Amino acid sequence: MSLVHPCARVLARWQRPCQLQHAWRLQSNASSNTFSTSSVLAGNRAIVYNTNGDPARVLSAFSFPELPPPPPNTMNIRFLLAPINPADINVIEGIYPAKPEPDVSLSRAKDYPLFVGGNEGLGKVIDVGDGIVGLRKDDWVIMTKPQSGTWSSAKNVAMSDVLKVPKQGLSEAQAATITVNPPTAYNMLHDFAQLVEGDWIVQNGANSAVGQAVIQIAAAKGYKTINFIRDRLLKQHLKSLGATHVVTYDELAEKSLRAKVKMWTGGKDIRLGLNCVSGKTTTLMARLLGNSAHLVSYGAMSKEPLSLPTSLFIFKNLTCHGFWQTRWYSDKSSEQRQELLETLTALMRDGKLQGPNYEVLTIGGTESDVSASVKIRDLVARLGQGMYGKKVLLKVEETV
C-alpha cells in the first residue's frame with residue numbers, strides 16, 4: 001500500500017520546478033477527494049486537514065502566499081516553534097472537547113473548510129496593524145485562543161488572542177511550551193488545596209510534561225512530592241528535578257507502601273493528589289490521601305474510568321475536581337493570564353523550571369508539499385505508537 005496520501009498525489013500533479021507553487025482547495029464527494037488550484041507565489045506553509053480522522057492519513061502540507069498587511073487591531077506573526085501535544089492529535093481525530101474553527105483565509109469554499117493543526121506555539125511579530133499597542137516588530141508572543149492553528153509558518157492574529165513573552169532568559173523551546181503544561185501544573189498546585197511549605201502531594205504520570213513541571217514548581221515552593229511512574233529508569237531524572245520520592249506503579253500495588261509513605265511523611269496528611277492516568281492506579285493512589293484532601297483529575301491516559309471507594313468521601317471527606325487549562329484561560333481576564341505568564345517566566349529565568357526534553361522536526365522551505373506531507377504523517381504515526389520519548393517541536397519554514 002502506498003504511503004502517499006491521495007491528497008498529496010493529486011497535489012503533486014500540479015507542482016512545478018520553479019518557485020511558483022499552487023494553493024489548492026479540497027472538495028469532497030462520496031467517492032473521492034479532489035482539488036481545485038490557482039497559481040500563486042507561495043511564501044508560507046501550514047499543516048492542514050479538512051476532515052477528522054487518523055492524523056497519519058488526514059494531515060497534509062499546504063503552501064499559501066505571503067500574508068497581506070494586517071488589518072487594524074491585528075498583527076502578522078511568524079511561528080518559530082510549535083509543539084505537537086497529545087491533545088492536538090485528539091483534536092484532529094475529532095474526540096477532543098475543544099473544536100477548532102476553519103482557517104477562513106486558507107479555505108476557498110465555505111462548505112469545505114481547511115483546519116490548521118496546533119494549539120500551542122511561539123510566534124515572532126513581523127508586522128502590526130493600526131491600533132496595536134504594546135507590541136512591535138520582532139516581539140515574541142504566545143497564543144491564548146484555543147486551537148489557533150500554530151502548525152504554520154505565519155498567521156494573522158488578533159491582539160486579544162496573544163500574550164507578549166519576554167525574550168530575556170528564555171529559550172525558544174521554553175517559550176513555545178509555556179502555554180499548556182507549566183500553567184496546568186501551577187494552577188493545580190494553587191487553585192484547590194491551600195498548601196504551605198512542607199506539605200505533601202502525590203501524583204501519577206509524573207514523567208509527563210505536566211508531571212515534571214509539578215515536581216519543579218512544588219520544589220520551588222517547598223512542597224514535597226511522591227511521584228508514581230511506570231518505568232523505574234526515570235527515577236533518577238525526576239529526582240534531579242526535585243522529586244522527593246519516585247515510586248513505580250508496581251510498588252504502588254504493594255501493601256507495604258502505605259507504611260513507607262507514613263514514614264516518609266512523618267504521619268502528616270497528604271493534602272493534594274493529581275491524576276492524569278485514572279483506572280486502578282489512581283484508586284490505589286487516592287487511598288494515600290489524608291483527611292479533607294483534594295484529588296484533581298486532568299487526564300485519563302489509561303483510558304479506564306476513575307473508580308473511588310465511597311469510604312474516602314464519607315470518612316476522609318475527599319473532594320474531587322476536574323481541571324482543564326483551556327477553561328481556565330476562558331474564565332480569566334487578560335491581566336490574570338499575563339500575571340500567570342510572568343510568574344512562570346520568572347521561575348524559568350531563575351532556573352527553577354526547565355523546559356521538557358525535546359527535539360525539533362523541521363519542515364524545510366525547499367521541500368515540496370508532497371514530501372512535507374509524508375514527513376508529518378510519518379511523525380504522527382510514530383507518536384501514536386509511543387515511539388518518541390521527547391516532546392516534538394514543529395518548525396515550519398517559509399517556502400522558497
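**Group meeting: cavities, a pocket and the cores**

Let me start with a small number: the second largest cavity has a volume of about 50 Å³. Keep in mind that this is a predicted model.

So who sits around that space? The lining of the second largest cavity is made up of Y49, D88, V91, I92, P100, V116, G117, G118, Q147 and G149. Helix α3, residues 86-93, gives the largest share of that lining, with three residues. Sorted by class, you get five nonpolar, four polar and one charged.

How many cavities of 30 Å³ or more are there? The count is two. The largest cavity holds about 60 Å³ of space. Its lining is I142, T144, L163, I178, T179, P183, Y329, R337, L340, L341 and L344. Here helix α13, residues 334-349, supplies the largest share, four residues. The lining of the largest cavity splits into eight nonpolar, two polar and one charged.

Now to a pocket. The second largest pocket comes out at about 630 Å³. It has 32 lining residues, and D103, V104, S105, K155 and N156 are the closest to its centre. If you want to find it by secondary structure, look at β4 (60-65), β5 (74-83), β6 (115-116) and β9 (154-158), the elements that each give two or more residues to the lining. Strand β9 has the largest share, five residues. The class split for this pocket is 16 nonpolar, eight polar and eight charged.

On to the packing. Which residues touch the most other members of the largest nonpolar core? That would be F228 and L274, in a core of 61 residues. Leaving aside residues up to four places away in sequence, L274 is in contact with M188, L189, I201, V202, Q203, N204, V214, M285, L295, V296 and Y298. There's also a second, separate core of 23 residues, and Y96, F115, L361 and I376 are among its members.

Last topic, the cysteines. A disulfide is a covalent bond between the sulfur atoms of two cysteines. How many are there in this model? The count is zero. As for where individual cysteines sit, is C276 buried or exposed? C276 counts as buried because its relative accessible area is 3%, and the cut-off for buried is under 20%. C320, on the other hand, is at 35% relative accessibility, so C320 is classed as partly exposed. Partly exposed covers the range between that cut-off and the one for exposed, over 50%.

That's my tour; happy to go back to any of these spots on the screen.

Definitions and conventions: Residues numbered from 1 in each chain as written. Predicted model: local features only at pLDDT ≥ 70, side-chain atom pairs only at ≥ 80, totals over all residues. Heavy atoms only, no water. Core = buried A, V, L, I, M, F, W, Y, C linked by side-chain atoms within 4.5 Å. Buried < 20%, exposed > 50% of the residue type's maximum accessible area, 1.4 Å probe, protein only. Contact = heavy atoms within 4.5 Å. Disulfide = S-S within 2.5 Å. 1 Å grid on protein atoms, 1.4 Å probe; cavity = no way out; pocket = protein on both sides within 12 Å on 5 of 7 lines; lining within 4 Å. Points joined across faces, edges and corners; volume = space filled by probe spheres on them. Nonpolar A, V, L, I, M, F, W, Y, C, P; charged D, E, K, R; others polar.
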